[in-house]
Amino acid sequence: MTKNKARVLGVGMVPFATPSRSESYDVMGEKAAIAALADAGIDYGQVQHAYVGYVYGDSTSGQAALYGVGQTGIPIVNVNNACATGSTALFLARQAVESGAVDCVLALGFEQMQRGALGTHWSDRPTPFDRFDAVRHAVQGQDESPFAAQYFGGAGRQYAEKYGIAREVFAKISVKARRHAANNPYAVFRDQVTVEEVLASPHIYGPLTRLQCCPPTCGAAAAVICSEEFARKHGLDASVVIKAQAMTTDFASTFDSADMMNLVGYDMARAAADQVYEAAGVDPGDIRVVELHDCFTTNELITYEGLGLTPEGTAEKFIADGDNTYGGRVVTNPSGGLLSKGHPLGATGLAQCAELVWQLRGQAEARQVEGVKLALQHNIGVGGAAVVTLYEKVS
């Protein structure tokens, strides 16, 4: 059933870059928005609302980026929802269209990041992570490692202890990510690596080494979302439908279970995915391509199970059988994912959207997955939010 479902009319992004080689956020955001509008075949004057996501930046940075595209007086809403920011902007854009409030919306995400590990910027007030940190400290103590690596490395270590898997299993995900990224001109890291090189890179935390952690990255991506009626009226191709979408936040189990996997969003992701599958009438076995939130190799592995791509406790076999790549059951992160493409926080969810739209249209070139009719997206942020989106190609 596609009636009244929001359509992805156009997508665009800029090549991701390291902080030392990046343009400023407003320049990147403007370029991504212009690319999405050109892909959609419309002018900025036809956009009725804009939702703009970023994490690190002053208030109204969204206006600063879009005023370079045009000043049309439309509502511009700035969005900040941790690493799920880009998908949250997309979530709001879809809601606005499906509610009937507007017919054409722009979702834009960007990030101009600083070098080094993620950190907090306000030392004079409680952080949103205080409740999470209390659980993390109780489960695994405190450490001088980067805080995000402690969360996701701890989750991976807990999984490995539960199911008895070796650290090489996680390292294989980095190798796969680089292999996929080699065909992606938007990716930061495209050089190939071996399992041995991944394991020999500096140790960070738990099973994680440096080559198993996504890099600080700058970039921007955008999507134009419209109604079927808008596309038909203007004679535009809107064959990619948002078939179902769900956003979840943390449950009591996040804080009550002493489970590091839940602390980094496993329960949120599973609940969002279940809602999407039920709403769409789709089984996870129907999915052939997924862009999922691989901020660390450990998170990609546990997310295979959280999304139902493989039963709980079977991720090692899933990887060993090559079921997570080309020639296997479902191609995960054909873009190279956050590990290789990069992770500009506000842009990530919309970059995932762009990759999957290209896959559904058959425009992914050397990354193309054959026979794609459905495409699944997973974007999370500790703090917390999980957004799962299912796209479908219709005639």
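1. Let's start with E312, which is partly exposed at a relative accessible area of 48%. Bear in mind throughout that this is a predicted model. E312 pairs with R270 in a salt bridge, with 3.2 Å between the closest N and O atoms. That pair links distant parts of the chain: R270 belongs to helix α11, while E312 is in the loop between α12 (297–306) and α13 (315–320), 42 residues apart.

2. R270 has a second partner worth a look. D267 also forms a salt bridge with R270, and here the closest N and O atoms are 2.8 Å apart. Both residues sit in helix α11 (residues 266–280), 3 residues apart, or about one turn of the helix. As for accessibility, R270 is partly exposed, with a relative accessible area of 30%, whereas D267 is buried at 12%.

3. Next, K243 and E392. These two form a salt bridge whose closest N and O atoms are 3.2 Å apart. It's another link between distant parts of the chain, with K243 in strand β8 (residues 240–248) and E392 in strand β12 (residues 385–393), 149 residues apart. Are the two partners buried or exposed? The cut-off for buried is under 20% relative accessible area, so K243 at 13% makes it, and so does E392 at 18%.

4. For the wider picture on charge pairs, the model has 13 salt bridges in total. Some of this pairing goes beyond a single couple: R7, E228 and R232 are joined in a network of salt bridges. As a general reminder, side chains of opposite charge can pair when their charged atoms come close.

5. Now to helix α1, residues 25–40. Does its length come out long, short or as expected? With 16 residues at 1.5 Å a residue, the helix should span 22 Å, and its end C-alpha atoms are 22 Å apart, so the two agree. Just after α1, G41 takes a positive phi of about 80 degrees.

6. Which residues of α1 are buried? They are M28, G29, A32, A33, A36, L37 and A40. Looking down the axis of α1, these buried residues fall within an arc of 165 degrees, so they line one face of the helix.

7. Last point: what covers those buried residues of α1? The cover includes strands and a helix from several places along the chain, namely β1 (7–13), α2 (61–66), β4 (104–111) and β7 (219–226).

Conventions. Residues are numbered from 1 along each chain as its sequence is written. This is a predicted model: local features need pLDDT of at least 70, side-chain atom pairs count only at pLDDT 80 or more; totals for chains, interfaces and linings use all residues. Side-chain values use heavy atoms; hydrogens and water are left out. Helices (H or I, at least four residues) and strands (E, at least two) are DSSP runs, numbered from the N terminus. The expected span of a helix is 1.5 Å times one less than its number of residues. Buried means under 20% relative accessible area, exposed over 50%, partly exposed in between (1.4 Å probe, protein chains only). The arc is that of the directions from the helix axis to the C-beta atoms. Contact means heavy atoms within 4.5 Å. A salt bridge is a side-chain nitrogen of Lys or Arg within 4 Å of a carboxyl oxygen of Asp or Glu.
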